[in-house]
Amino acid sequence: MGAEQAAATAASVRALAPAAASVADPVREIVEHVRAGGDEAVLELTRRFDVTDGQPWPLAVDALELSAAMERLTPQLRAALELAAANVRALALAGLESERREVDLSQGQRIVVREFPVRRAAIYVPGGRAPYPSTVVMGVVTAQAAGVEEVVVCAPPGPDGQAQATILAACGLCGVEEVYRMGGAQAVAALALGTQSIAPVDVVAGPGNLYVQEAKRQLSGVVGIDGFAGPSDLLALIDGPTDPTELRVIALDLLAQGEHGPESLVAAVSPDAHALGALAEALEELAAQRPGADPAACVLVSASSVEAALEFAEAFAPEHLQLAGRGAEALAPRVRAAGCVFVGTSSATAFGDYVAGSNHVLPTGGAARFSSALSPRHFRRRVSEVHLDRSAARALAPAGAAIARAEGFAVHAESMEARMQENGGDG
């Protein structure tokens, strides 16, 4: 399987997942409604889309609700969320770079690069089929590790207008004091634009449905975003020896990914026809007993060699890549296009979703070719300071002026050449 064939096969597998419908126009209407109406518009839209069994509660969740939600957690779930937060925080802190770096260049200039966090960021936590306290942990802890002063969370309320208690408890455990009962495109618009009661944020991050992602796209010039999260996907690359027990757990991993929704796409690639056959049998047996695990497509791809399997994986650029078997595990250092790589049959993708420490907000739809997992860098900015003394300015001016004149910017050239004069001041 050459690079062209790998790319074509990867594209055909991706095409098995249903294409997303365009929601650009209705999202544009929602954004403009929030822009004009503020809190009242958000409450009206919440009533229309989320709260079907009464009236919406106030948008802001108060401290007593957060505290009460934490008290209602079972000890086991509280300990699990605290473990997840500790591991995510440790990895996020390890990924931070120095806040100040200086580079002295040969013409005498010094460039200082300063890095610092945004002041205010929001984490969108989806509602959908179930609450996701793990997304609170992944987003909030990462933003806090980046140094963000104010971290806000929003999540859609249920039909009764109430915020989901487990999400509120996770917010409380992570130290979030500002939580809003709102979801969908209207929540993203309110966070980006601000309303009477919601101060605008600098970054909106987190997964969500098509309306949420489209709102992030439309408002990305107003607010920073982490990326566009689409349907989830997982690719298992298998290269033996792999016994039936190991293939069974890989089948469970593939089916588990299907729990993320009927748009999910799962696949396995291997040069071992026997392993693929045994995996197919395990999938058929296990799927019959697990109706909630229903991906859009489950595809098994035969490769001529482990190298060809890697070419396919790189072309597919999965959100999650699982390497199973000695030959596959040895490929880990060579993987360049994957949101997160899980090495070995013990490294189930589900651990990354919850407690391993890696972030589960990952690039989807093949975006792992150019995008990365949610990390502190999504909440930090860099500013360069340029320090030129007179000597450096004289050394650089001729080259700079030549480029400026070639581009038709004569005054740019004059500006630099003025620094070559004897009475020019230090810049």
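Which residue in β3 is the bridge partner of Asp104? To find out, select Asp104 in this predicted model and look across to β3, where the partner is Arg110.

**Stop 1: the sheet around β3**

Extend the selection to strand β3, residues 110-117, and to β2; the two run antiparallel and are joined by five bridges. Adding β14 completes an open sheet of three strands, in the order β2-β3-β14 and with antiparallel pairing. β2 (100-104) and β14 (380-387) are the edge strands, each pairing on one side only. From one strand to the next, the twist averages 20°.

**Stop 2: the whole chain**

Zoom out to display the full protein chain, which contains 15 helices and 14 strands. Taken along the principal axes, the box filled by its C-alpha atoms is roughly 85 × 60 × 40 Å. The chain has 427 residues, of which 48% count as buried. If one takes the contacts between residues at least 6 apart in sequence, 73% of them join residues at least 24 apart.

**Stop 3: strand β4 and its sheet**

Select residues 120-124, which make up strand β4. Five of the five residues are buried, so the strand is largely enclosed by the rest of the structure. In a regular strand, side chains alternate between the two faces of the sheet. Colour the two sides of β4 separately: Arg120, Ala122 and Tyr124 lie on one side, Ala121 and Ile123 on the other, and both faces are covered.

Which strands pair with β4? One is β5 (residues 150-155), in the parallel sense over five bridges; here Ala122 stands opposite Val152. Another is β7 (residues 203-205), also in the parallel sense, over three bridges, with Ala121 opposite Val203.

Continue from β7 to β8, which runs parallel to β7 and is joined to it by two bridges. At this junction Val204 stands opposite Ile225 of β8. Now show the complete open sheet: six strands in the order β1-β6-β5-β4-β7-β8, with mixed pairing. Its edge strands, β1 (60-61) and β8 (224-225), each pair on one side only.

**Stop 4: helix α9**

Select α9, residues 244-258. At the start of the helix, the backbone nitrogen of Thr245 has a side-chain oxygen of Asp243 within 3.1 Å. How does the span of α9 agree with its 15 residues? At 1.5 Å a residue the helix should span 21 Å, and its end C-alpha atoms are 21 Å apart, which agrees.

Next, highlight the buried residues of α9: Leu247, Ile250, Ala251, Asp253, Leu254, Leu255, Gln257 and Gly258. The elements that cover them include β9 (233-238), β10, α10 (273-288), β12 (320-324) and α13 (349-354).

**Stop 5: Ser264**

Move along the chain to Ser264, in the loop between α9 and β10 (265-270). Is this residue buried or exposed? Ser264 counts as buried because its relative accessibility is 2%, below the 20% cut-off.

Display the polar contacts of the Ser264 side chain. One reaches the backbone oxygen of Gln257 at 3.3 Å; in another, the backbone oxygen of Gly261 lies 2.9 Å from a polar atom of the side chain. Leaving aside residues up to four places away in sequence, Ser264 touches Pro231, Ser232, Gln257, Gly258, Pro295, Ala296 and Ala297. Gln257 and Gly258 are also among the buried residues of α9.

**Stop 6: the aromatic pair and Ala317**

Finish at helix α11, residues 306-316. A search of the whole structure finds one aromatic pair. The pair is formed by Phe312 and Phe316 and is stacked, at 5.7 Å centre to centre with 15° between the planes. Why are these two residues separated by about one helical turn? Phe312 and Phe316 are four residues apart in α11, hence the separation of about one turn. An α-helix has 3.6 residues a turn, so residues three or four places apart point the same way. Both Phe312 and Phe316 are buried.

Lastly, select Ala317, in the loop between α11 and β12. Although Ala317 is not a glycine, its phi is positive, at about 50°. With 0% relative accessibility, Ala317 counts as buried.

Note on methods:
Residues are numbered from 1 along each chain as its sequence is written. This is a predicted model: local features need pLDDT of at least 70, side-chain atom pairs count only at pLDDT 80 or more; totals for chains, interfaces and linings use all residues. Side-chain values use heavy atoms; hydrogens and water are left out. Two strands pair if DSSP finds at least two bridges between them. Axes are lines fitted to C-alpha atoms, for helices over the stretch in contact, and angles run from 0 to 180 degrees between N-to-C directions. Buried means under 20% relative accessible area, exposed over 50%, partly exposed in between (1.4 Å probe, protein chains only). A polar contact is a pair of N or O atoms within 3.5 Å; within protein, one must be able to donate a hydrogen and the other to accept it, and residues adjacent in sequence count only if both atoms are side-chain atoms. Contact means heavy atoms within 4.5 Å. The expected span of a helix is 1.5 Å times one less than its number of residues. Rings of Phe, Tyr and Trp (its six-membered ring) pair if their centres lie within 6.5 Å; planes under 30 degrees apart count as stacked, over 60 as edge-to-face and the rest as tilted.
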